[in-house]
Amino acid sequence: MIIKNKSNSSKRWLSEHFKDKYVKAAKINNIRSRSWFKLEEIDKINKIFKSGMNIIDLGAAPGGWSQYAINKIGNTGSVIACDILPMEKISRVKFLQVDLLNPNRLSFILDHLSNSIFDVVMSDMAPNITGCWSIDMPRIIEICKIAFKISKYLLSKHGIFLVKSFQGEGFNEFFTEIKRSFSTIKICKPKTSRSRSREIFILATR
């Protein structure tokens, strides 16, 4: 019975996914993922990206956010994309395949980039969601804290931190922790996020 329910749930998700207007728009316009539209919406409202910015994109694969950002910052800017999964090349985007949840690999990346200063640290990282939030939320918060740690090491004096999180246990404490390090902070819920999703984005500026 459990297996059947999971199968039905997966079929329903796939059916909704391929009917989704943003999935269809991404395919038509050669966009890597529907998350591109979430970042576009957040950017249009908050004016995040400017020409010449240096950006690091965490949890980048398949590349929707990097694809959006590199087109906004022009030829004088740079994007470094990081993910545990491989990612097809995007022109002018440097890709690092790395497991940021591995403390040794995280330390290596921070050392490798220690001489770089980023105007934007953005994270679309998330674990595989099981639907059991007592399991999912601790994993989500752990990943958010890794992105936050990277921002503390690499973000410029007036830099911007954008991180995906989810509503649930531990979020309020994490949000309070970020508030201590940034001068302005807000929660964004793009219309392009699925309505029943707990997904939200924290946008903070030093």
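User: Which residue just after α4 takes a positive phi, and of about how many degrees?

Analyst: In this predicted model, G74 follows directly after α4 and has a positive phi of about 80 degrees.

User: Which residues other than glycine have a positive phi?

Analyst: One of them is K47, with a positive phi of about 55 degrees although it is not a glycine. K47 sits in the loop between α3 and β1 and is exposed, at a relative accessible area of 56%. Another is R92, whose phi is near 70 degrees. R92 belongs to the loop between β2 and β3 and is partly exposed, its relative accessible area being 38%.

User: Where does the chain have a cis peptide bond?

Analyst: The cis bond joins A61 and P62, with omega at about 5 degrees. P62 is part of the loop between β1 and α4.

User: Is helix α4 mostly covered or mostly uncovered?

Analyst: Helix α4 is mostly covered, since eight of its ten residues are buried. The buried residues are G64, W65, S66, Q67, Y68, A69, I70 and I73. The general idea for a helix concerns its turn: an α-helix has 3.6 residues a turn, so residues three or four places apart point the same way.

User: Which strands does α4 lie across?

Analyst: Helix α4 (residues 64-73) lies across β1, β2, β3, β4, β5 and β7. Relative to β2 (78-83), the helix runs at about 170 degrees.

User: How should one read the sheet itself, and in what order do its strands stand?

Analyst: In general, strands of a sheet pair through backbone hydrogen bonds, either parallel or antiparallel. Here seven strands form an open sheet with mixed pairing, in the order β3-β2-β1-β4-β5-β7-β6. At the edges stand β3 (93-97) and β6 (184-188), each of which pairs on one side only. Direction ignored, neighbouring strands of the sheet are turned by 15 degrees against each other on average.

User: How many bridges join β1 to β4, and do these strands run parallel or antiparallel?

Analyst: Strand β1 (residues 54-58) and strand β4 (residues 118-123) run parallel and are joined by four bridges. Within this pair, I56 stands opposite V121 in β4.

User: Which strands does helix α3 touch?

Analyst: Helix α3 (residues 35-46) packs on the sheet and touches β4, β5 (155-166), β6 and β7 (199-205). The direction of α3 makes about 40 degrees with that of β7.

User: How is the packing of α6 and α7 to be read: are they roughly parallel or roughly antiparallel?

Analyst: One compares the directions of the two axes. The axes of helix α6 (residues 133-154) and helix α7 (residues 171-179) come within 10 Å and cross at roughly 10 degrees. Angles under 35 degrees count as roughly parallel, and α6 and α7 are therefore roughly parallel to each other.

User: Which residues meet where α6 and α7 pack, and of what class are they?

Analyst: From α6 come M137, I141, C144, K145 and F148, and they meet F171, F174, E177 and I178 of α7. By class, this contact has seven nonpolar, no polar and two charged residues.

User: Helix α6 also contains S151; is this residue buried or exposed, and what does it touch?

Analyst: S151 lies in α6 and is buried, with a relative accessible area of 0%. Apart from neighbours within four places in sequence, S151 is in contact with V121, F161, F182 and R206.

User: What may be said of I187?

Analyst: I187 is found in strand β6 and is partly exposed, with a relative accessible area of 41%. Residues up to four places away in sequence left aside, I187 touches F171, F175, I200 and F201. The C-alpha atoms of I187 and K164 are separated by 9.8 Å, while the two residues are 23 residues apart along the chain.

User: How many disulfides does the structure have?

Analyst: In general, a disulfide is a covalent bond between the sulfur atoms of two cysteines. A search of the whole structure finds zero disulfides. Among the cysteines, C144 is buried at a relative accessible area of 2%, and C188 is buried at 8%.

User: How many helices and strands does the chain have, and how do they follow one another?

Analyst: The chain has seven helices and seven strands. From the N terminus on, the elements run α-α-α-β-α-β-β-α-β-α-β-α-β-β. Of the 206 residues in the chain, 46% are buried. Among contacts with a separation of 6 or more, 61% are accounted for by residues 24 or more positions apart.

Technical notes. Residues are numbered from 1 along each chain as its sequence is written. This is a predicted model: local features need pLDDT of at least 70, side-chain atom pairs count only at pLDDT 80 or more; totals for chains, interfaces and linings use all residues. Side-chain values use heavy atoms; hydrogens and water are left out. Two strands pair if DSSP finds at least two bridges between them. Helices (H or I, at least four residues) and strands (E, at least two) are DSSP runs, numbered from the N terminus. Axes are lines fitted to C-alpha atoms, for helices over the stretch in contact, and angles run from 0 to 180 degrees between N-to-C directions. Contact means heavy atoms within 4.5 Å. Angles under 35 degrees count as roughly parallel, over 145 as roughly antiparallel, 65 to 115 as roughly perpendicular and the rest as oblique. Ala, Val, Leu, Ile, Met, Phe, Trp, Tyr, Cys and Pro count as nonpolar, Asp, Glu, Lys and Arg as charged, and the others, Gly among them, as polar. Buried means under 20% relative accessible area, exposed over 50%, partly exposed in between (1.4 Å probe, protein chains only). A disulfide is a pair of cysteine sulfur atoms within 2.5 Å.
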